[in-house]
Amino acid sequence: MSMDEDTKDGGSRRDFLYLTAAAFGAVGTGSVAWPFIHQMNPAADTKALSTIEVDLAPIEQGQAITVMWQGKPVFIRHRTAKEIEEARTVDVSSLRDSQTDEERVEKPEWLIMVGVCTHLGCIPLGQKTGDVKGDYDGWFCPCHGSHYDSSGRIRKGPAPKNLPVPPYAFVSDTKIKIG
Amino acid sequence: MGSGNRQPFDNPVIEWVDSRLPVFTLMNKEYGVFPTPKNFNYFWNFGAIAMVMLILMLVTGITLAMHYAAHTDVAFSSVERIMRDVNFGWLIRYMHMNGASFFFIAVYIHIFRGLYYGSYKQPRELLWMLGVLILLLMMATAFMGYVLPWGQMSFWGATVITNLFSALPVVGPGIVEWLWGGFAVDNPTLNRFFSLHYLLPFVIFAVVFLHVWALHVTGSNNPSGIEPNGPQDTIPFHPYYTMKDTAGLLLFLLIYCIFTFFMPNALGHPDNYIEANPLVTPAHIVPEWYFLPYYAILRAVTFDTNLFLLIGLVCAAYLVAVNLWFTKKPENCPVATTFKIPVLQDIPMKALEPLMAAGAVLFLGIGGMIAFMPDMGMAKMMDAAAPVLVEAKLGGVLAMFGSIAMLFVLPFIDRHPYRSAVFRPWFKVAVLLLTIDFFVLTYVGGKPAEGLYVLVAQAATAYYFAFFLVIIPFLNKFEPRVPLPPSIHQYVLDKKAKKKQKSDDYMNALKPEAAE
């Protein structure tokens, strides 16, 4: 095999071997690195805690409870007619994170959402009767002053998004499954 | 290292070891006879002091780890057990707690020294950058260490800081879950923070080794900023600076001991003695004092950066660049000529500049109005035309990391040939203002983000970035250059003569016959 033949397309056998070795080396390094990166992601038992059932029967209208789901508080509020009314008469296009109240609830009287401020993760006030509820009759985050309305939508302050609604379903009239 | 030109030692044991592994020769070369500028002031103590604090933190930290348990069920009570039941546990924990603060004090003074006397400049750029890397590692270590006692501030500090990463587009939320190992700060988070908090100090130690190695290649800077010319300018490190460092260290440790023994919680936050509760957020979440300046910068960005604001900023940056960053103002647009953009590359700078200035004023005006006064009628109308490009949260995170990045690239921004602020009258003012700025940021970082505090934080953040991006380039070009003394030796003599002149004048003024 002559030298000319070997390099006629601009690359030598040596180049090909270098590139192949480097490519396999990179894949090999990556496949060894991945377990050490992925081990930091939520483990199987952590993920297994991702479904809970909540009995809604004891919650009176106007009351709210907080349950833990995936290490985060979930706000469950039995809304009054006034609160539903307030949430539904807002001009949706004027909201920072446009969402209608209908999109956020399965049944209008039950508002279920993750109670973690979308700014930097504090827990907003407004669950207890004596709490500050902010300017929009909903929740108020004391850390950096975000106001959420009676549908948990961001109305004022630094938070970029509405309080997120977790996946949930009514298993019976008074029982829900979150997750 | 060849041992061919090694000086033999008199002690036979030392000689036996040294001829096989020349550690004694190395130590003597680097810390015994090592030629060091003779005019150090006490600011030059703080490298050695920081080193001592690092060792102190390692020793106390390893000791605490013998009693601490990294599990959310018991972490808080295991720390309380250290405080109450472990023999001298209270002392070791208070040493570690206050040691962190004093390590940062030492390092901040050390950084100030580097800034003021231009120690970051050629040929010490890499030495400086390794130092900034150490600062970053220290921040990560301190942050994770503060989480371990699992108090309210631990938990909520960790929540707020890890949530910062959620500001990153696309990958943000995934990164946050990856950091947490779950869906909130919880046991997996505490566990890995403990592991990393134990690891990182050793990484710091390794980088400190490189930092010191780089220092011993270039040699130390000194208050005059003039390189030593010969033996008349230097003295051996030992005994001169071993003694001076020890004197400064003892004074520093004395103050440290006053805190550790008499006011051990003065620099901490009382809420961290309440066990972490994921359902209750403290009214004011504040980080440890040494993070407050960066926290202030983070929170100073309260506004969304919209398209107009960005265009305005680009126009302003363009003007700063052509006028200050370039040594000589380019004839045509440098971007257009590099990329050979037709038409644009033919427009002379003289015509382009007023256009850019008008653009800067117009777009900064409108963009600023939309960002800062969103409720105004005009702003509301323009709002639709200028989409938000960088949300406030991401903007804050970028500014915070950017503030450290500024330090990292400083050696390449500052091209003024003189190092020391002693011979740079304008730089001296600017760098002292930066120091005050740092204190202002520290102050507002500890206050709630509302009202006047936000405005002050924004002004202080603006100065911080302007120092690096506008003032330093301006000084490169326009700061007057007074003649430098030819050597450190001459600098010291001049200084002495000046001092003598002053005291002579004073004495003469006191004598009655001299007054006539």
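**Figure 1. Looking for salt bridges where chain B meets chain A.** A salt bridge here is a side-chain nitrogen of Lys or Arg within 4 Å of a carboxyl oxygen of Asp or Glu. By that rule, the count between chain B and chain A comes to zero. Keep in mind that this is a predicted model. Polar contacts are another story: five residue pairs, both partners at pLDDT 80 or more, make them across the interface of chain B and chain A.

**Figure 2. The contact surface between chain B and chain A.** Here 23 residues of chain B touch 24 residues of chain A. Together the two chains bury about 2000 Å², and 66% of that sits on carbon and sulfur atoms. If you want three residues to look at, pick Trp178(B), Phe183(B) and Leu279(B): they supply 33% of the area that chain B buries against chain A, more than any other three residues.

**Figure 3. The helices on chain B's side of the contact.** Three elements give two or more residues each to the side of chain B that touches chain A: helix H7 (152-164), helix H8 (172-180) and helix H11 (292-300), all of chain B. H7(B) gives the most, with five residues. Sort the residues on this side of chain B by character and you get 12 nonpolar, five polar and six charged.

**Figure 4. Domain 1 and domain 3 of chain B.** Chain B splits into domain 1 (41-227 + 236-271), domain 2 (298-475) and domain 3 (485-516). The C-alpha centres of domains 1 and 3 of chain B lie 44 Å apart. Even so, five residues of domain 1 of chain B are in contact with four residues of domain 3 of chain B. This pair of domains buries about 340 Å², with 76% of it on carbon and sulfur atoms. Zero salt bridges turn up across this interface, and zero residue pairs are in polar contact there (both at pLDDT 80 or more). On the domain 1 side of chain B, the residues touching domain 3 of chain B are two nonpolar, two polar and one charged.

**Figure 5. Chain A on its own.** Chain A has five helices and nine strands. Walk along its sequence and the pattern reads α-α-α-β-β-β-α-α-β-β-β-β-β-β. Its radius of gyration is 27 Å, well over the 16 Å that the globule rule gives for 179 residues, so chain A is more spread out than a compact globule. Taken along the principal axes, the C-alpha atoms of chain A fill a box of roughly 90 × 35 × 30 Å.

Technical notes. Residues numbered from 1 in each chain as written. Chains lettered and ligands numbered in written order. Predicted model: local features only at pLDDT ≥ 70, side-chain atom pairs only at ≥ 80, totals over all residues. Heavy atoms only, no water. Contact = heavy atoms within 4.5 Å. Buried area = accessible area lost by both parts, 1.4 Å probe. Polar contact = N/O pair within 3.5 Å; in protein donor to acceptor, adjacent residues only side chain to side chain. Helix = DSSP H or I, 4+ residues; strand = E, 2+ residues; numbered from the N terminus. Nonpolar A, V, L, I, M, F, W, Y, C, P; charged D, E, K, R; others polar. Domains from an automatic or database assignment. Rg over C-alpha atoms; globule rule 2.2 N^0.38 Å.
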